[in-house]
Amino acid sequence: MHLLESDLKSRLFHIEERIKKAATKVKRDPGEIVLLAVSKNQPIEKIDFFYRKGLQYFGENRVQELREKYRQRPDIGWHFIGHLQRNKVKYLLRMDNCVLIHSLDSWSLAEEINRRAARHNRVMPVLLEVNVAGERNKQGIRVEEVEDFLAEARNLNNMEIRGLMTMAPYVETPEEVRPVFNKLAAIRKEMKEKGFNLRELSMGMSNDFEVAIEEGATIVRIGTSLFGLREVEEIQREV
Ligand SMILES: *Cc1c(COP(=O)(O)O)cnc(C)c1O
């Protein structure tokens with residue numbers, strides 16, 4: 001195998017240490033934070049390595065790529081994290097081990113997920129993606145719509161909203177996105193007080209996951225810091 005196992009091992013070690021440190025800093029139990037390994041554009045060998053090392057969940061952002069990887073590794077717990085088109089929902093619901101969709105961002109998508117889940121006799125866990133910073137050209141529902149969306153979604157028997165997710169704007173320093181994570185956590189708190197059962201907060205990626213943990217993230221989505229550069233990026237670099 002061409003990739004260096006010792007390199008991957010030390011990356012994993014360092015990420016886990018950083019997660020622990022960030023959690024401890026705010027007196028949280030590191031054990032309550034899920035490290036979602038974002039494996040898009042990464043080869044199956046690296047996924048296998050981290051799976052053997054105990055990582056349980058892997059995230060993909062394109063349905064086609066997930067289907068290919070799922071065919072090869074149906075036992076892994078897969079998360080879908082990318083923008084999801086309605087006509088692709090059926091592929092995800094066929095995968096028993098696609099265990100969480102992070103990117104519910106419209107009502108029509110909710111209805112389609114519910115409809116397809118019913119056909120498979122399952123209740124599909126999802127996260128509601130919120131466009132916290134109100135950026136244009138950004139997926140996610142607006143902050144003001146969250147409560148009504150959650151209330152309406154109670155009528156969908158085959159889909160369960162387990163929490164909230166956000167994609168922070170790209171910035172130079174992680175501290176700049178703290179208000180975004182803080183806001184998402186505040187929305188969750190408010191909605192919990194209103195009786196919505198939102199366990200998860202999916203926020204934080206390679207360059208800002210420590211800040212996200214300090215603000216309450218329960219799932220951090222980490223790609224490049226764990227795996228190294230994605231294949232396409234490596235190719236682009238070579239050019
Ligand atoms: C690619 C991706 C990530 C991981 O990004 P890195 O910066 O490589 O850690 C996290 N979340 C989503 C939705 C992504 O598409």
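**Exercises on the pockets of a predicted model**

The lining of the largest pocket comprises nine nonpolar, eight polar and six charged residues; here Ala, Val, Leu, Ile, Met, Phe, Trp, Tyr, Cys and Pro count as nonpolar, Asp, Glu, Lys and Arg as charged, and the others, Gly among them, as polar. This is a predicted model, in which local features need pLDDT of at least 70, side-chain atom pairs count only at pLDDT 80 or more, and totals for chains, interfaces and linings use all residues. Residues are numbered from 1 along each chain as its sequence is written, and side-chain values use heavy atoms, with hydrogens and water left out.

**Exercise 1.** State what takes up the space of the largest pocket.

*Solution.* Step 1: the ligand occupies the largest pocket (more than half of its atoms lie within 2 Å of the pocket's grid points).
Step 2: the shell around the ligand divides into five nonpolar, four polar and three charged residues.

**Exercise 2.** Identify the residues around the ligand and the polar side-chain contact of Arg221.

*Solution.* Step 1: the residues with a heavy atom within 4 Å of the ligand include Val38, Asn61, Ile81, Ile222, Gly223 and Thr224.
Step 2: polar contacts are pairs of N or O atoms within 3.5 Å. A ligand oxygen lies 2.7 Å from a side-chain N or O atom of Lys40, and a ligand oxygen lies 2.6 Å from one of Ser206.
Step 3: a ligand nitrogen is 2.9 Å from a polar side-chain atom of Arg221.

**Exercise 3.** Describe the lining of the second largest pocket by residue class.

*Solution.* The lining holds seven nonpolar, three polar and three charged residues.

Definitions and conventions:
A polar contact is a pair of N or O atoms within 3.5 Å; within protein, one must be able to donate a hydrogen and the other to accept it, and residues adjacent in sequence count only if both atoms are side-chain atoms. On a 1 Å grid over the protein atoms alone, a cavity is a set of points where a 1.4 Å probe fits but cannot get out, and a pocket is an open set with protein on both sides within 12 Å along at least five of seven lines; lining residues have an atom within 4 Å of a point.
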